[in-house]
Amino acid sequence: MPRYVAGDWGTSNLRLFLCDSQGSILESAVGPGVSSVKDPFEDVFESLLKDWETRFGALPAVLSGMIGSSIGWVQTPYVSCPAIPQNIAAGCIALRAGRVHIVPGLRCENRLHTADFMRGEETQVLGALALDPVLGLGKHLLCLPGTHTKWVVIENGVIQEFLTSVTGELFGALRDHSVLVRAEPINAQAGSGAFAEGVARCNDYPSVPILHRLFECRSRVLSGELPASHAADFLSGLLIASDIAGALNLFDPALAKRSLRLIGAPQLTKAYAAALKAKGLEAIQIDGSAAALAGLTSVHRHLSSQVRARAG
């Protein structure tokens, strides 16, 4: 029996899931991302929910992602770190007479002593805590690779701090708008020789800034050492290895060796896992979509328990 709707409403896509009380997906629907929405957000949401609510009645919903940003339905305040899961759930903004809740983002002062923010990834962290109970005890390092990669420290289930690296955005900008990668790239593979070579080149000279390495994507093609179609893989290896090296310099390398989780799209977590393995580190991979759904389920259960407590 359907109990609630979970939604990941990001910049590019909207994914809605009709879930039972255990968080299992019964049906799904897709819609436009926040940046593409032309009509009022409430109208778009209700049009997608109409069939489900016709069949099953009014359904509570929990949404996360950019829908809670300044360009979304409503801007939800950021919850400051250290942040416990209950505070994140309590920070939700209620809409549609309390039937829709939008998850807030997080803010912290990062290791570089500057303000840092996340919106959407906090739900994946909550999901990881639900999927992997070990994370609720002791100190752990999480990496959520993506357009804006997040390195997150949690301790006893509390999100202590995080650091943002724009690895994915830089890769896309250099691949599509620079002379470094001129040929149409093949399907990037974390296990490809060019990717592994990029990782190795970065690891060979760990103290050299990435700015002094990037032109190799071009020079190796000109010298005949690298096929032009493999330059994107080489670039990816350089950037991911640099991201990892920088994070390990800022966070405790012993912590990364003891307990490191990768949360995200399988292709990305596989790439980071390969680069970490080249440094002698193993990481447990958690599917980002599964983590997001588990996080939304966790928030829904907390909100439901609060409603029952007030009713009692």
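**Notebook: sheet and helix packing**

I started with a strand pair: strand 13 (residues 260–264) runs parallel to strand 14, and the two are joined over 4 bridges. This is a predicted model, so I am reading computed geometry here. I looked up one bridge in that pair, and R261 has I284 of strand 14 as its partner.

Next I traced the sheet around this pair. I get an open sheet of 5 strands, ordered 12-11-10-13-14, with mixed pairing. Strand 12 (158–165) and strand 14 (284–287) are the edges, each pairing on one side only. I also checked the twist: neighbouring strands are turned by 25° against each other on average, with direction ignored.

Then I asked what lies across the strand 12 end. Helix 7 lies across strand 11 (149–155) and strand 12. I noted its angle to strand 11 as about 30°.

**Helix 7 against helix 5**

I took helix 5 (residues 193–204) with helix 7 (residues 231–250): their axes come within 7 Å and cross at roughly 40°. Roughly parallel would need an angle under 35 degrees, and roughly perpendicular starts at 65. The pair is therefore oblique. I have the crossing down as right-handed.

For the contact, I listed A194, F195, E197, G198, V199, R201, C202 and N203 on the helix 5 side. Facing them in helix 7 are D233, F234, S236, G237, L238, I240, A241 and S242. Sorted by class, I have 8 nonpolar, 5 polar and 3 charged residues in this contact.

**Helix 7 against helix 9**

I moved on to helix 9 (residues 266–277). Helix 7 packs on helix 9 at about 65°, and the axes are 10 Å apart. This crossing is right-handed. I find I240, D243 and I244 of helix 7 meeting A271, Y272, A275 and L276 of helix 9. The class split for this contact is 6 nonpolar, no polar and 1 charged. I240 caught my eye, as I had it in the helix 5 contact and have it again in the helix 9 contact.

**Whole chain**

Last, I stepped back to the overall picture. I have 10 helices and 14 strands for the protein. Its C-alpha atoms fill a box of roughly 70 × 40 × 35 Å along the principal axes. I also compared the radius of gyration with the globule rule: a compact globule of 312 residues would come near 20 Å, and the protein's 21 Å agrees with that.

Methods. Residues numbered from 1 in each chain as written. Predicted model: local features only at pLDDT ≥ 70, side-chain atom pairs only at ≥ 80, totals over all residues. Heavy atoms only, no water. Axes fitted to C-alpha atoms, helices over the stretch in contact; angles between N-to-C directions. Parallel < 35°, antiparallel > 145°, perpendicular 65-115°, else oblique. Left-handed = near helix turned anticlockwise from the far one by under 90°. Contact = heavy atoms within 4.5 Å. Nonpolar A, V, L, I, M, F, W, Y, C, P; charged D, E, K, R; others polar. Pairing = 2+ DSSP bridges. Rg over C-alpha atoms; globule rule 2.2 N^0.38 Å.
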